[in-house]
Amino acid sequence: MFSPVHAFSGFSVHDLDEARAFYTEILGLTVTENDMGLLQLVLPGGAEVLVYPKQDHTPASFTILNFVVADVDVAVEELNGKGVVTKIYDDPNLPTDDKGIMRDNGPTIAWFRDPSGNVLSVLTE
């Protein structure tokens with residue numbers, strides 16, 4: 001019988017030090033290193049995500065992490081102020097404004113990339 005005790009998700013990056021700096025200094029997450037030298041992001045709410053290096057890393061073609069925020073405009077301004085680009089799509093299926101925020105087409109959401117090109121988002125519920 002399938003009886004997991006614990007579960008977690010993970011994704012690859014091309015450089016662990018660069019990822020550690022981004023996720024701690026830019027996003028303000030708690031990042032620990034496990035006994036194998038891999039990173040563990042502690043997400044709001046307590047879930048953990050494993051981050052591992054991959055020499056031939058290819059960014060995921062989908063959003064790997066979504067951060068729920070009270071106000072997407074404020075979050076985007078804070079991210080932009082730290083040098084994070086939030087206007088990453090020029091796609092009529094994802095109609096975003098000049099800040100990269102999509103409104104009135106589901107949740108208000110803005111996408112951005114980590115240093116390895118993985119797509120993340122800030123959104124309201």
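**View 1. Tyr 89 sits in the loop between α2 and β6.** This is a predicted model. Tyr 89 has a relative accessibility of 23%, so it counts as partly exposed. Its contacts, leaving aside neighbours within four places in sequence, are Leu 94, Thr 96, Trp 111, Arg 113 and Val 119. One of these contacts, Trp 111, returns in the next view.

**View 2. Tyr 89 and Trp 111 form an aromatic pair.** A pair of aromatic rings is described by the distance of the centres and the angle of the planes. Here the ring centres of Tyr 89 and Trp 111 are 5.4 Å apart. Their planes stand at 80°, which is over 60 degrees, so the pair is edge-to-face. The pair links distant parts of the chain. Tyr 89 lies in the loop between α2 (72-81) and β6 (101-102), while Trp 111 lies in strand β7 (residues 109-113). In sequence the two are 22 residues apart; in space their C-alpha atoms are 8.2 Å apart. Is Trp 111 buried or exposed? With 8% relative accessibility, Trp 111 counts as buried.

**View 3. Phe 11, Phe 22 and Tyr 23 are linked into a cluster by ring pairs.** How many aromatic pairs are there in the structure? The count comes to three. In one of them, the rings of Phe 22 and Tyr 23 have centres 5.1 Å apart. Their planes are at 90°, so this pair is edge-to-face. Phe 22 and Tyr 23 are both buried.

**View 4. The largest nonpolar core has 27 residues.** In soluble globular proteins, nonpolar side chains tend to be buried together. Which residues have the most contacts inside this core? They are Phe 11, Tyr 23, Leu 41, Val 51, Leu 65 and Val 122. Many elements take part. Strands β1 (9-13), β3 (39-42), β4 (48-53), β5 (63-68), β7 and β8 (119-123) each supply at least two residues of the core. Helices α1 (16-26) and α2 each do so too. Apart from this core lies another, of five residues. Among them are Met 102, Ile 109, Trp 111 and Val 119.

**View 5. Leu 65 touches residues from several places along the chain.** Leu 65 is one of the residues with the most contacts inside the largest core. Which residues does Leu 65 touch, not counting those up to four places away in sequence? They are Phe 11, Tyr 23, Leu 41, Leu 43, Val 49, Val 119, Leu 120 and Ser 121.

**View 6. Strands β2 and β3 form an antiparallel hairpin.** Four bridges join β2 (residues 30-33) to β3. One partnership is easy to trace: Thr 32 has Gln 40, in β3, as its bridge partner. Five residues lie between the two strands of the hairpin. There, Gly 37 takes a positive phi near 85°.

**View 7. Arg 20 and Asp 17 form a salt bridge.** The closest N and O atoms of Arg 20 and Asp 17 are 2.8 Å apart. Why are the two separated by about one helical turn? Because Arg 20 and Asp 17 are three residues apart in helix α1. Arg 20 has a relative accessible area of 26%, so it is partly exposed. Asp 17, at 55% relative accessibility, counts as exposed because the cut-off is over 50%.

**View 8. Asp 73, Glu 77, Asp 97, Lys 99 and Arg 103 are linked in a network of salt bridges.** The structure holds six salt bridges. One of them joins the side chains of Asp 73 and Arg 103, at 2.8 Å from N to O. This pair links distant parts of the chain: Asp 73 is in helix α2, and Arg 103 is in the loop between β6 and β7, 30 residues apart. Asp 73 is partly exposed, at 23% relative accessibility. Arg 103 is also partly exposed, at 32%. Arg 103 forms a salt bridge with Asp 97 as well, where the closest N and O atoms are 3.0 Å apart. Asp 97 has a relative accessible area of 23%, so Asp 97 is partly exposed.

**View 9. UniProt places a VOC domain at residues 3-125, in an unreviewed entry.** Over these residues the chain is 17% helix and 30% strand. The end C-alpha atoms of this stretch are 31 Å apart.

Key
Residues numbered from 1 in each chain as written. Predicted model: local features only at pLDDT ≥ 70, side-chain atom pairs only at ≥ 80, totals over all residues. Heavy atoms only, no water. UniProt positions renumbered as here; feature names shortened; annotations may be inferred. Phe/Tyr/Trp six-rings, centres within 6.5 Å; stacked < 30°, edge-to-face > 60°. Buried < 20%, exposed > 50% of the residue type's maximum accessible area, 1.4 Å probe, protein only. Contact = heavy atoms within 4.5 Å. Core = buried A, V, L, I, M, F, W, Y, C linked by side-chain atoms within 4.5 Å. Pairing = 2+ DSSP bridges. Salt bridge = Lys/Arg side-chain N within 4 Å of Asp/Glu carboxyl O.
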